Amino acid sequence: RFFIIKESFLLYYAENEKKSFESNKYFNIHPKGVIPLGGCIVEPKEESNMPYAIKISHEDFHGNIVLAAESEFEQAQWLEMLQESGKVTWKNAQLGEAMIESLEAQGLQLAKEKQEYLDKLMEETEELCLQREQKEELERLNQVLEAEKHQFEEVVRELRLEQEQIRRELELTARSLKGVEEEKKELRSLTQSLQKTLEELSLEKQQMLEMLEENESQLPPPTSPSKEQSPIWGLHCSLQQIEEKMQQLLEEKLLAEKRMKENEERSRALEEEREFYSSQSQALQNSLSELTAEKQQTERDLKAEVKVRMDLEKRLREAEEALQSLEQGLNSLDCNKEKEEKMKADVSNLRKFFEVCIRNAELEAKMPVIMKNSVYIHKAA
């Protein structure tokens with residue numbers, strides 16, 4: 001016999017059909033017999049007069065079908081092919097077609113979902129690019145705020161040095177003013193003592209003049225005494241000394257009054273200088289207070305910006321991780337329920353992330369101009 005396996009059927013012909021099949025390369029559709037292989041048990045069989053035998057049995061067959069190959073290698077090949085062909089039954093074919101249709105439907109659904117995920121991925125990637133641009137703008141703004149903070153600190157340092165210089169000059173002016181006041185008091189006391197001395201000398205001069213008049217009226221004119229020995233001459237000399245002393249005291253008094261006037265002018269100038277330095281110090285103190293307040297406000301703004309930046313970076317990292325995980329899941333060939341759940345969770349996280357971004361953008365867009373100016377007034381400054 002010449003055997004041919006066609007799908008799940010074993011066709012057999014006369015032995016001379018083999019030459020026709022090998023030359024024409026097609027088989028005769030009218031075999032001598034057909035054996036259905038579906039559900040058959042195919043196994044090797046040992047026969048004494050038939051080596052390399054193969055037994056085909058089925059519960060519906062009346063007896064067994066025994067075939068034989070020409071070699072052990074052909075026996076193994078025929079066993080394998082017969083066993084495999086026995087699996088190709090109508091039921092299995094229907095089941096296979098159903099599974100193929102189901103797999104094709106799942107493949108189409110997965111392809112559709114993949115396209116949807118890819119579309120979402122592209123949209124979210126664009127949003128992430130926008131977020132990255134906002135992050136770069138935020139970093140640039142932070143650098144500007146840092147530079148402004150350093151400028152404020154430098155101005156505050158210069159104002160503190162200037163305030164310290166003014167304070168030292170004020171202390172020096174106060175000491176000079178105190179010295180002028182003490183010198184003024186000394187000159188005033190000196191002037192008072194000189195005035196008192198002048199009054200005493202004037203009184204003494206008056207007394208000397210009265211004594212001189214009395215002596216001139218009582219004594220007769222001398223005939224030949226010398227001037228140095230006469231009492232009148234002595235009184236004249238004393239009177240002259242008193243006048244010289246008075247003249248000297250008057251000069252000292254005028255000098256003291258002149259010095260007092262100079263000290264008063266100097267005191268007035270020092271007082272004006274002290275008032276000027278006091279006003280400068282007060283202005284510097286006010287400027288320092290304003291700059292300190294601005295510095296504190298800038299530091300608070302910087303802290304708030306840094307906090308917002310850290311939150312944004314954290315959210316960006318989470319979104320990027322979700323995107324990477326989603327992309328890996330989409331590129332993966334095998335898909336199971338766990339991966340689908342993880343992809344859904346990633347999409348949900350991304351949706352929440354961009355919903356928050358959109359909500360913040362809408363709130364900022366709807367915010368009145370006055371509120372914006374009140375919020376961003378430090379940036380405008």
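## A charged network in helix α3

In this predicted model, Glu164 is partly exposed, with a relative accessible area of 31% (buried is under 20%, exposed over 50%, and partly exposed in between, with a 1.4 Å probe and protein chains only). Arg167 is also partly exposed, at 38%. The two side chains meet in a salt bridge, 2.1 Å from N to O (a side-chain nitrogen of Lys or Arg within 4 Å of a carboxyl oxygen of Asp or Glu). They sit three residues apart in helix α3, about one helical turn. Through shared partners, salt bridges join Glu164, Arg167, Arg168 and Glu171 into one network.

Residues are numbered from 1 along each chain as its sequence is written. Local features need pLDDT of at least 70 and side-chain atom pairs 80 or more, while totals for chains, interfaces and linings use all residues, and side-chain values use heavy atoms, leaving out hydrogens and water.

## Salt bridges across elements

The structure holds eight salt bridges. One of them pairs Glu43 with Lys55 at 3.0 Å, N to O. Glu43 belongs to strand β4 (residues 41-45) and Lys55 to strand β5 (residues 53-57), so this pair ties together parts 12 residues apart in sequence. Helices (H or I, at least four residues) and strands (E, at least two) are DSSP runs numbered from the N terminus. Glu43 is partly exposed at 31%, whereas Lys55 counts as buried at 18%.

Another bridge joins Lys135 and Glu313, whose closest N and O atoms are 3.9 Å apart. Lys135 lies in helix α3 and Glu313 in helix α4, so parts 178 residues apart in sequence are tied together. Here Lys135 is partly exposed at 23%, and Glu313 is buried at 19%.

## Nonpolar cores

Turning inward, the largest nonpolar core has 15 residues, and those with the most contacts inside it are Leu128, Leu326, Leu350 and Phe353 (a core is a set of buried Ala, Val, Leu, Ile, Met, Phe, Trp, Tyr and Cys residues joined through side-chain atoms within 4.5 Å). Helices α3 (90-218), α4 (231-331) and α5 (337-366) each give two or more residues to this core. A second, separate core of 10 residues includes Ile35, Leu37, Ile54 and Ile56.

## Aromatic pairs

There are four aromatic pairs (ring centres within 6.5 Å; planes under 30 degrees apart are stacked, over 60 edge-to-face, the rest tilted). Phe2 and Tyr13 make a tilted pair, 6.4 Å between centres and 40 degrees between planes. Phe2 lies in strand β1 (residues 2-6) and Tyr13 in strand β2 (residues 9-13), so the pair links parts 11 residues apart in sequence. Both Phe2 and Tyr13 are buried. Ring pairs link Phe2, Tyr13 and Phe21 into a cluster.

Definitions and conventions: Phe/Tyr/Trp six-rings, centres within 6.5 Å; stacked < 30°, edge-to-face > 60°.
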